[in-house]
Amino acid sequence: MTHRIVVVGGGTGGTVVSNRLAEELESEIDDGDVKVSLVSDDTKHVYKPVFLYVPFGVAEPDDGVRDLRDLVDERVDLVTNRVRRVDTDEKRLYCQDGDEVLDYDTLVLATGAKLAPDAVPGFREGAHHFYSAEGAERLRDALAEFDGGRLVLSVVGTPHMCPAAPLEFTFIVDDWLRSRGLREDTDLVYTYPMERSHGKPEVAEWADPILAERGVRVETDFVVDAIDPDERVVSAKSGAEVDYDLLVGIPPHRGDELIIDSGLGDAGWVDVDQRTLRATAAEDVYAIGDTAALPIPKAGSAAHFQAFTVAERIAAEVRGRTPTKRYDGKTVCFVETGLDEASFVSFDYETPATMRQPSKPIHWAKHAYNESYWLTARGML
């Protein structure tokens, strides 16, 4: 009988795990003993970190887009549809279009995080963001017309994708404004909803002196309650307010509705064992990347390392062996500190975050990685 492995989600985690499974189980797939299917509601694969550079004219949205079929191993059956519900008792997926039903023996959920701008009143009308192609282009247009005033970067929602991105944008826009002769005419403000400037205390300790040196006003414990686009005011639950001329917000995020509808996680994130990445509420189900409820940031590198862990575990299970591969929480991120310098951070479950001294070589290493990401998506790096 053929062992059916179904992966849901065509982002970084889903694409990498599908390709790794195709490699790990090559002979079993060729013999018809295993079938790997990847279900995605989009024929395109999007590398979202590219969007950070679009507002500054350094990249175009299409730079981060490829056809999913071109990235996925030919031994993987690619299904274009949206999964609306998982029946974990019957091990069955119900799809949106054509009432398609898919049965599985092992399921990997890599459904990612979705933007939820309407969760905060006024966000859609009053704030710009760079978390989508459309948002990044709109912000590029707004920056092109900006000639001074108060520019606010407000982290409205947590958790969110690319946890370093708010700091990166602030550092880059500071450098960009200086290059245009506008920095002295701009009051730059950064707000964060915790008692420090970043979720990771080590990152906050590193960032605070840089923010201070560059004259960025930091407002912590600023939990955004609403945005008034007419008065151009951001209000916090504490009653504090910050007015703005240009507001860049990190939008609220949520998990996929199918996770909630399937009883796998009330908030749309799947509770998993943090070492094995197996779902705690269902058998033979794994969750990786942004989908998994883990005590680490929602970063693409984490999804990448988790995908390798899950692929190796599933391959062992298919062969009747005891899986030994475990995920240690490894996460690595580049952090841009301006237009031509960057830092680098790494950590895991046991090791605190370690920041590197910003430099031009690290900046160019990040851009080199952006170019080579497509090899990562193919499971080759």
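Contact here means heavy atoms within 4.5 Å. In this predicted model, Asn-19 is in contact with Leu-71, Val-72, Asp-73, Ala-377, Arg-378 and Gly-379, when its neighbours within four places in sequence are left aside. Asn-19 is found in helix H1, which covers residues 12–24. The relative accessible area of Asn-19 is 4%, and because buried means under 20%, Asn-19 is classed as buried.

An open sheet of four strands has the order S13-S12-S11-S17, and its pairing is parallel. The edges are formed by strand S13 (217–219) and strand S17 (246–250), each of which pairs on one side only. From one strand to the next, the twist averages 15 degrees. Strands of a sheet pair through backbone hydrogen bonds. Between strand S11 (residues 149–155) and S17, the parallel pairing runs over five bridges. Val-155 has Ile-250, in S17, as its bridge partner.

Helix H6 lies across S11, strand S12 (186–191) and S17. The angle between H6 and S12 is about 175 degrees. H6 comprises 15 residues (165–179), which should span 21 Å at 1.5 Å a residue. The C-alpha atoms at the ends of H6 are 21 Å apart, in agreement with that expectation. The expected figure is 21 Å because the span is taken as 1.5 Å times one less than the number of residues. Just after H6, Gly-181 takes a positive phi of about 70 degrees.

H6 is mostly covered, with 12 of its 15 residues buried. The buried residues begin with a run of Ala-165, Pro-166, Leu-167, Glu-168, Phe-169, Thr-170, Phe-171, Ile-172, Val-173 and Asp-174, to which Trp-176 and Leu-177 are added. Polar side chains are thus represented in the buried set, including Glu-168, Thr-170 and Asp-174.

The largest nonpolar core contains 55 residues. The members that touch the most others are Phe-130, Leu-143, Leu-151, Phe-169, Val-173, Trp-206 and Val-345. H6 gives the most to this core, contributing eight residues. A second, separate core has 51 residues, among them Leu-21, Leu-25, Val-86 and Leu-107.

Val-345, one of the members of the largest core that touch the most others, is in contact with Val-203, Thr-331, Val-332, Cys-333 and Val-335. Further contacts of Val-345 are with Ala-353, Thr-354, Met-355 and Arg-356, again leaving aside neighbours within four places in sequence.

Methods:
Residues are numbered from 1 along each chain as its sequence is written. This is a predicted model: local features need pLDDT of at least 70, side-chain atom pairs count only at pLDDT 80 or more; totals for chains, interfaces and linings use all residues. Side-chain values use heavy atoms; hydrogens and water are left out. Helices (H or I, at least four residues) and strands (E, at least two) are DSSP runs, numbered from the N terminus. Buried means under 20% relative accessible area, exposed over 50%, partly exposed in between (1.4 Å probe, protein chains only). A nonpolar core is a set of buried Ala, Val, Leu, Ile, Met, Phe, Trp, Tyr and Cys residues joined through side-chain atoms within 4.5 Å. Two strands pair if DSSP finds at least two bridges between them. Axes are lines fitted to C-alpha atoms, for helices over the stretch in contact, and angles run from 0 to 180 degrees between N-to-C directions.
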